[in-house]
Amino acid sequence: MELMEVIKGRRSVRNFTDCPLPKEIIGKILEVVDYCPNAGNRNSTKIAVITDHTVIDYIGKCHMVIIQNFNKGITTLPSEEEIASSASAFHNAQTVAALFGPKSFYFSSADAYIMAQNIALAAYGQGVSTCIVGEVLNCLATEKGRQIQHKIGISEDFVPQAFVTMGYCAGEYPKHPKRRYSDIIYV
């Protein structure tokens, strides 16, 4: 597939089948991370590929509560009860690439989003659907979240910056939305 076909064809998918992604496909998708531009050539973004549905479910639910609260101006961490009763921001993704960046590096978020875009494009090229899910607060800052991050093996000096949900699209693949960004200005 040509690069422009991939860029023009990829859409955010929020409805996945229950079919797990083969490790070989995940490996092919993640080959792009070594080629991602990043600030200062620090290569500081850490990636955790999550296929454990309990972990995906917890992080996705915590993230959903945080986003809903954030949109209401609430910036405190949710309770475990709120998390347990929430829907998941990761829907039924079979795989989630969690991208972590150093707490103390100004460009952590930018580096992670560049990597997330490259992962999403590479996934589309492999026939895998994705959705980039942005992090507004640290959804792993709860006690259970810190335990998950420790279990994953990511230091507390790193925080989640973005997530890429991955799987096979259930139903019809999304159409290109009608939109037009503002006119380009040439100077």
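**Group meeting talk: rings, cores and a four-stranded sheet**

Let's start with a single residue: F105 is buried, at a relative accessible area of 15%. Before I go on, please keep in mind that this is a predicted model.

So who keeps F105 company? Its partner F107 forms an edge-to-face aromatic pair with F105, and the two rings are 5.9 Å centre to centre with 70° between the planes. The angle earns that label because planes over 60 degrees apart count as edge-to-face. F107 is partly exposed, at 40% relative accessibility, whereas F105, with its 15%, is buried. Bring in Y106 and you have a cluster, with ring pairs linking F105, Y106 and F107. There is also a charge to look at here: R42 places its charged end over the ring of F105, 3.7 Å from the ring centre.

How many aromatic pairs does a search of the whole structure find? The count is four. Another of these is Y124 with Y173, a tilted pair at 6.0 Å centre to centre and 40° between the planes. What I like about this one is where its members come from. Y124 belongs to helix α5, residues 108-125, while Y173 is in the segment after β4, so the pair links distant parts of the chain, 49 residues apart. Y173 is partly exposed, with a relative accessible area of 25%.

While we are talking about charges and rings, here is a second case. K46 has its charged end over the ring of F158, 5.0 Å from the centre of that ring.

Now to helix α5 itself. S108 lies in this helix. Is S108 buried or exposed? It counts as buried, because its relative accessibility is 3%, and the cut-off for buried is under 20%. If we set aside neighbours within four places in sequence, S108 is in contact with G101, P102 and Q161. As for the helix as a whole, α5 lies across β1, β2, β3 and β4, and runs at about 10° to β4.

That brings us to the sheet. It is open, with four strands in the order β1-β2-β4-β3, and the pairing is antiparallel. Which strands sit at the edges? They are β1 and β3, each of which pairs on one side only. On average, neighbouring strands of this sheet are turned by 20° against each other, with direction ignored. If you want a place to zoom in, try β3 and β4, which pair in the antiparallel sense over six bridges. There you will find C131, whose bridge partner in β4 is T165.

Last topic: the nonpolar cores. In soluble globular proteins, nonpolar side chains tend to be buried together. Here, the largest nonpolar core has 26 residues, and those with the most contacts inside it are I59, F90, F100, C139 and F163. Two or more residues each come from β1, α3, β2, β3 and β4. Helix α3 gives the largest share, seven residues. For a closer view, pick I59: leaving out residues up to four places away in sequence, I59 touches I50, F90, C139, L140, I148 and F163. Apart from that core lies another, of 18 residues, including V33, C36, A97 and L99.

That's my tour, and if you open the model afterwards, I'd begin at F105, with the charged end of R42 over its ring. Thanks, everyone!

Note on methods
Residues numbered from 1 in each chain as written. Predicted model: local features only at pLDDT ≥ 70, side-chain atom pairs only at ≥ 80, totals over all residues. Heavy atoms only, no water. Phe/Tyr/Trp six-rings, centres within 6.5 Å; stacked < 30°, edge-to-face > 60°. Buried < 20%, exposed > 50% of the residue type's maximum accessible area, 1.4 Å probe, protein only. Lys NZ or Arg CZ within 6 Å of the ring centre and 35° of its normal. Contact = heavy atoms within 4.5 Å. Core = buried A, V, L, I, M, F, W, Y, C linked by side-chain atoms within 4.5 Å. Pairing = 2+ DSSP bridges. Axes fitted to C-alpha atoms, helices over the stretch in contact; angles between N-to-C directions.
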